[in-house]
Amino acid sequence: MTATARTASADSARADAARADSARISLAVSTVIFALRADADSTAASLRLPLVRRIREPFKGRWALPGGPIEAAESLSAAAGRNLVETTGLRPTYLEQLYAFGDVDRSPGDRVVSIVYWALVRSEEADLAAEGDNVRWFPADDLPDLAFDHNTIVDYALWRLRTKMEYSRIAHAFLGETFTLSELREVHEAVLRRAIDPANFRRQMEGSKAIIATDQHLTGGRHRPPRLYRYNTSVELTDNGPLARS
């Protein structure tokens with residue numbers, strides 16, 4: 001065999017190996033779902049997320065983010081939504097693509113690339129989750145050792161959420177259509193894990209034009225009823241820029 005033939009044969013072998021390796025790469029979706037929920041022995045809400053217990057290897061018995069495979073005829077966001085319904089029963093209104101995680105050794109056996117979404121739900125929506133032995137809510141900042149690289153994924157999602165709280169109207173996803181400034185401040189405090197001065201917060205929010213005062217007031221309290229606000233709906237909650245939603 002000539003040197004040229006040997007080189008061509010080696011190149012062909014490498015190409016065959018690459019094709020074999022690519023055939024073992026699978027694509028999946030996972031979702032980090034955040035909600036503000038209070039403990040049974042506390043009235044203060046904290047940031048929590050649901051996890052599902054794996055019932056098969058790898059990592060059988062370990063907790064993990066809800067997710068699953070992508071069907072050939074569905075979009076990534078549709079796959080994320082479907083897997084959420086199938087694993088937790090949740091249908092969040094805020095669902096945004098977070099990041100793609102594809103380290104070579106993130107999964108034993110065949111390589112798996114996960115397209116990760118994050119979702120925000122109100123507390124009353126979170127109460128509809130199908131909890132049980134294999135679905136449970138955990139404090140977002142105090143998780144067990146999760147399957148795969150899911151601890152890293154949650155850490156990244158927390159960073160993104162807390163960063164966006166400082167400049168976007170993402171807090172709206174945790175609230176109803178109308179809310180008081182105290183309720184809005186409590187959302188910020190729970191997510192950011194720090195106290196916020198009420199007077200400064202009021203000035204900041206009213207000066208941002210992100211919220212609009214309504215003519216309604218919250219009733220039922222012993223003091224002067226606080227005014228209800230709503231978010232400025234001229235700005236989309238999820239901004240996909242020039243990309244069409246899919």
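**Figure 1. Environment of V29 in strand β1 of the predicted model.** V29 has a relative accessibility of 1% and therefore counts as buried, the cut-off being under 20%. The residue belongs to strand β1. Its contacts, leaving out residues up to four places away in sequence, are with P66, G67, G68, I70, L76, A79, A80, N83 and I115. The C-alpha atoms of V29 and P69 lie 6.3 Å apart, although 40 residues separate the two in sequence.

**Figure 2. The largest nonpolar core and the surroundings of L49.** This core comprises 42 residues. Within it, the residues with the most contacts are V32, F34, L47, L49, L161, F174 and L184. Two or more residues are contributed by each of the strands β1 (25-38), β2 (45-53), β5 (94-101), β6 (111-121) and β9 (227-231), and by each of the helices α4, α5 and α6 (198-208). Beyond its neighbours within four places in sequence, L49 contacts V32, I33, F34, L65, R136, W137, F138, P139, A140, L143 and V154. A second core, separate from the largest one, has nine residues, among them L90, A119, V121 and A129. In soluble globular proteins, nonpolar side chains tend to be buried together. Over the chain of 246 residues, 38% count as buried.

**Figure 3. Packing of helix α4 against helix α5.** Two packed helices are described by the angle between their axes and the distance between the axes. For α4 (residues 150-165) and α5 (residues 181-192), the angle is about 145° and the axes are 10 Å apart. The crossing of α4 past α5 is left-handed. On the α4 side the contact is formed by L161, R162 and M165, and on the α5 side by V187, H188, V191 and L192. Classified by type, the residues of this contact are five nonpolar, one polar and one charged. L161 is also listed among the residues with the most contacts inside the largest nonpolar core.

**Figure 4. The two ends of helix α6.** At the start of the helix, a side-chain oxygen of D197 comes to within 3.3 Å of the backbone nitrogen of A199. K209 follows α6 and has a positive phi, near 65°.

**Figure 5. Backbone geometry in the loop between β2 and β3.** Most residues other than glycine have a negative phi, and most peptide bonds are trans. The peptide bond from E57 to P58 is cis, with omega near 0°. P58 is located in the loop that runs between β2 and β3 (63-64), and F59 lies in the loop between β2 and β3 as well. F59 is not a glycine, yet its phi is positive, at about 65°. The relative accessibility of F59 is 23%, so this residue counts as partly exposed.

**Figure 6. F148 in the loop between β7 and α4.** F148 is situated in the loop that connects β7 (135-139) with α4. Its phi is near 55°, a positive value in a residue other than glycine.

**Figure 7. The side-chain contact of E96 with Y94.** E96 is placed in strand β5. With a relative accessibility of 10%, this residue counts as buried because the value is under 20%. The side chains of E96 and Y94 are joined by a polar contact of 2.3 Å.

Technical notes:
Residues numbered from 1 in each chain as written. Predicted model: local features only at pLDDT ≥ 70, side-chain atom pairs only at ≥ 80, totals over all residues. Heavy atoms only, no water. Axes fitted to C-alpha atoms, helices over the stretch in contact; angles between N-to-C directions. Helix = DSSP H or I, 4+ residues; strand = E, 2+ residues; numbered from the N terminus. Left-handed = near helix turned anticlockwise from the far one by under 90°. Contact = heavy atoms within 4.5 Å. Nonpolar A, V, L, I, M, F, W, Y, C, P; charged D, E, K, R; others polar. Core = buried A, V, L, I, M, F, W, Y, C linked by side-chain atoms within 4.5 Å. Buried < 20%, exposed > 50% of the residue type's maximum accessible area, 1.4 Å probe, protein only. Polar contact = N/O pair within 3.5 Å; in protein donor to acceptor, adjacent residues only side chain to side chain.
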